[in-house]
Each structure stands twice: as structure tokens, then as C-alpha cells.
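Let's explore a protein structure together, one question at a time. Have the model open beside you and follow along.

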Amino acid sequence: MATIPAKKQYIAAIDQGTTSTRCIIFGHDGRAVGAHQLEHRQIYPQAGWVEHDALEISAKTQTVTREALEKCGLTTGDLAAVGITNQRETTLVWDRETGKPYYNAIVWQDTRTDPIIAELGQEGGQDRFRGRTGLPLANYFSGPKIKWLLDNVSGLRAAAERGTALFGNMDTWLIWNLTGGPNGGAHVTDVTNASRTLLMDLHTLDWDPEILRILGIPRQMLPTIRPSSDPEFYGYTFGKVPICGDLGDQQAALVGQTCFGIGEAKNTYGTGCFMLLNTGEMAVPSQHGLLTTVAYRMGRAAPVYALEGSIAIAGALVQWLRDNLGFFDFARHIEDYAARVPDSGGIYLVPAFSGLFAPYWQADARGVLVGLTRFINKDHICRAALEATAYQTREVLDAMEQDSGVQLTALKADGGMVYNNLLMQFQADILGVPVVRPVVAETTALGAAYAAGLAVGYWDSLDDLRRNWQIGHTWQPAMPADQRARLYRGWRRAVERAMHWIED
């Protein structure tokens, strides 16, 4: 392990998310000293298709990093290491020699691979690859997106077989560009991102040759799988700054929340909503619609696994009310409207825009708004939108407790939506357990910083990281049990109305 020079007092974390990219500079106490963030375009070529311009994201990554350093009066010479965290499953293929993408990045929310999923499921059903990958067949994951690109982009399959076409999720794309791009850039990913492709064997931590054959994906286009915190470094950027931390965003939040013990869980409220439960060195198969995934691997230590409940639409529902329906100008204003009414007036909004994710995994579901009367106004719809995130989290938590046999006594929460006090209080009410927000609520970037810092000895151990975690606020449940049960029953009935909407 390299020894960091004394003057290098900070870690940079690049957080490449679904709607924006940001860089946060962290000190040894886990507190941010500077940050900068830029949104990028959401591209919707047709219904169900969601894309990003990868070149735009790469350029904005450079900008946010430079601006974050300038804001706190630092230079790249003050950085001990860089960590990357990213929107998972978003899929890109680019030319090794030119660095140009063959096609826009296909975002994790995209549903165009539904026919591929249906065809794959004809043999072995939805759980055809679950025993090896921990994942059901779903349009969520990267592997079917790669197949779609190979089948539909002219000349791409030949380029992939020649070895000039490279695949990566957004972590791989950024690391490749930051370490040289066409001039020797490192083509790597970590175990957490690889575990979200539907192509990696959870037990060998390597690409599964049979699944690659079935999907027709040439192995040479896939990145090398590395630890999440790698003391051998993936490469160098900004001169001599090592990039040595890489985690998918939800696993990064688990690390940032210091959920290092078996049975510890966190829930991230972002574009989607994702709950992870640490299951230790055992990959626990789910019987209740959850995903089995790699939580992290620190250096040469054994990998740690997690159960995950993935909800496609959380903060994205607030954005939909803002952008598509024009309910308000800024996402934060939803709380003001929702607070003007005491409840949702008996309505439920099920945001199955991309089908239902955990625990149902039904691609043929679509969003519904039910229970409407003349009494309902915009305020009720805003409140129902916030409540939808809490109800979906309850469904995931129920499945998690059934799979793990562990009953949670509190839920660690992070992400942008945890500053919505109305939502957090309703979440505690509908779960019946306290919801805890840490002092540093943007734990996704912090987790990437921790992974990079451990690799260079900036932090010595997981215990160092635990000492940084502090409670910022706790919401205690205050709803009577009979009201909680009645509201949840109504939600489950609303979800039934969303199911099997698409006939073809």
C-alpha cells in the first residue's frame, strides 16, 4: 500500500448519478469541504426509452471536479486519491481507439429490452440466471442492454469481436477517460457494478461464460473486474492522483452509512429508492423478490454481500410532477403543497412508469392514480406522490425481513429526499420504526471517498469510518397501528390495479 504525502489532506469523490454529476471533496472527518454539481440532459427518443449523452457526462465530470477544488481553494496536488460512484446498470459501448460512443448510454430505467427478457425467460423463467447472478430477468440490468446494442447498432458486433468496442457502466466510462482514454485508459469495473450486469457469477466474481454465450456478448468487450477499494489502483488521473475506489451508487451509500455489520441496512431516497441489507460473506438467495448483490470488496478481503430492494421511481416522480405536469418550479416545493392538506384524501399514486421493480418485477405494470373524487386537488396529488415512496419502501422492508429473518429496529436514510421532513415522518409512521438521517446525508459520495481513502491508507480501517458516522435527525413513528394497517392495505390494492396493464 502506498504511503500518502503529508500535504495530501483530502479525498475527491465523483458521484455520477442519473440526473446529475457532482464532485465532493472530503476531509479526514468525513465532512465535505467543497462540492460542485451539474445536471445533464435526459433523452427520451420514444415511450419507455431513456438515454444519456456520455460525452456530455464526461465533460461535466471534468468541470465539476475543477469547480469543487476551486471552491475550497485546493488543487489536484492536495488530493490523496479519487473515488468513483455511479448510476448502476446504465450501459455504454464506445470505440477504444477514438473514445466515441457507438450510441447514447441506455439508462437503467429504459424498457426497450422487454422483448429480449421475454425471449430469455422462455427457458427457465424469470429466475433462469438467478442462482449464479442473484438477479431475475429484468430490463433493469446491463447485459440485455448490451445485447440490444449489438443487435441494433450497425457494425458494432464486428467491432466488439475485433476488440475495438468496449462496454462499461458509467464508472468504467469515467475511469477509462480519467486515466487516459484512447491513450492507455484503464478498462476496469468493480465487483459491485459487475454484479448488476446479469453477467457476473456472484461466487467466482468473474464473467459467466455460459451467460455470455447465451446473450451473444464477446468477452473481450467487458472490463476487468477489480475490488471496490483497490490498493493496486485502477490508474492515475490529474497527473499523479490515484483512482482506487469504485462502487455502484447504492453500495457506496451502504459504505457511507458504515453498514459493515450483518443485519445493518440503509435506504437511499434519490431518483429511485434502494434499500440494502448487509448479509456478510454469504450471498443469501431471495425468496421474496429481492436482489442478491455484492455490497463491497475491500482490497484482498473476502467480498461482502447484500440483499437489495430496488424501487425504480421515487424522486423521479417529483421531477415528473415538476417537468411533465408543471405542478411547481422547484422539486423542494412539493413539501409545501403536500403540507397544505392533512392526508392524501384517499388517493394513491403508483409510479410504475418502468414497470414494477422489487418485490414484484413486473415489466407489464404501468402507473396508476386511483381513488379520485371531485374533492381531490393538486395538494393531495403532491402528498400521494411523497407517500408512494414510503409505501414502496415498506413493501421492500417486509420482503427483506422475510428473507433475512432480521427485524429492523431503525432505518438509516440518505439521499436528496431525506431533507423532506413530511416524507421522512410519514416513512417512520408507515414502517413503525424510527428513521435516522446522519449528519452527512449524501453518503453515496462519502462511500466512494471511503473506498479510495482506505486503498491509500488515508483511513486505516472500517472502525475509523464508523467513528465518523453521527446522527443528524431521527423521526419517531407516531401513527396508530390500525391507521397504518388501513393505509397500507389501500396501497396494496392500488398496486394490484397497476399490474399487467401492458397486454403486448
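Q: This is a predicted model, and strand β15 is a good place to begin: how many bridges join β15 (residues 265-269) to β16?
A: Strands of a sheet pair through backbone hydrogen bonds, either parallel or antiparallel. Here β15 and β16 run antiparallel, and they form a hairpin with three residues between them. Within this pairing, Lys 266 stands opposite Leu 276 of β16. The number of bridges joining β15 to β16 is five.

Q: Which residue of β18 stands opposite Met 275?
A: Met 275 belongs to β16, and β16 also pairs with strand β18 (residues 304-311). That pairing is antiparallel and runs over seven bridges. Opposite Met 275 in β18 you will find Gly 309.

Q: How many residues of strand β16 (residues 273-280) are buried?
A: In a regular strand the side chains alternate between the two faces of the sheet. In β16, Cys 273, Met 275, Leu 277 and Thr 279 point one way, while Phe 274, Leu 276, Asn 278 and Gly 280 point the other way. Residues of both sets are buried, so the strand is mostly covered, and the count of buried residues is eight of eight.

Q: How many disulfides does a search of the whole structure find?
A: A disulfide is a covalent bond between the sulfur atoms of two cysteines. Take Cys 259, which is buried with a relative accessible area of 0%: the closest cysteine sulfur, in Cys 273, is 14 Å away, too far for a bond. Cys 273 is buried too, at 1%, and is in no disulfide. For the whole structure, the search finds zero.

Q: Which strands stand at the edges of the open sheet with the order β3-β2-β1-β5-β14-β13?
A: This sheet has six strands, and the pairing is mixed. An edge strand has a single partner, so one side of it is left without a neighbour in the sheet. That describes β3 (32-39) and β13 (235-237).

Q: In β2, which residue is the bridge partner of Ile 11?
A: Strand β1 (residues 10-16) and strand β2 (residues 20-26) run antiparallel, joined by six bridges. In β2, the partner of Ile 11 is Phe 26.

Q: At about what angle to β3 does helix α1 (residues 54-71) run?
A: Helix α1 lies across β1, β2, β3 and β5 (79-86). Helix α6 (residues 170-178) packs on the sheet as well, touching β1, β5, β13 and β14 (241-248), and its direction makes about 145° with that of β5. For α1 and β3, the angle is about 150°.

Q: How is α9 oriented relative to α14: roughly parallel or roughly perpendicular?
A: Two packed helices are described by the angle between their axes and the distance between the axes. Helix α9 (residues 249-256) and helix α14 (residues 443-456) have axes 7 Å apart and an angle of about 80°. That angle makes α9, relative to α14, roughly perpendicular.

Q: Is Tyr 450 buried or exposed?
A: Tyr 450 is found in helix α14, and among the residues in contact with Tyr 450 beyond its neighbours within four places in sequence are Gly 30, Val 255, Trp 459 and Leu 465. Its relative accessible area is 1%. Buried means under 20%, so Tyr 450 is buried.

Conventions
Residues are numbered from 1 along each chain as its sequence is written. This is a predicted model: local features need pLDDT of at least 70, side-chain atom pairs count only at pLDDT 80 or more; totals for chains, interfaces and linings use all residues. Side-chain values use heavy atoms; hydrogens and water are left out. Axes are lines fitted to C-alpha atoms, for helices over the stretch in contact, and angles run from 0 to 180 degrees between N-to-C directions. Helices (H or I, at least four residues) and strands (E, at least two) are DSSP runs, numbered from the N terminus. Angles under 35 degrees count as roughly parallel, over 145 as roughly antiparallel, 65 to 115 as roughly perpendicular and the rest as oblique. Buried means under 20% relative accessible area, exposed over 50%, partly exposed in between (1.4 Å probe, protein chains only). Contact means heavy atoms within 4.5 Å. Two strands pair if DSSP finds at least two bridges between them. A disulfide is a pair of cysteine sulfur atoms within 2.5 Å.
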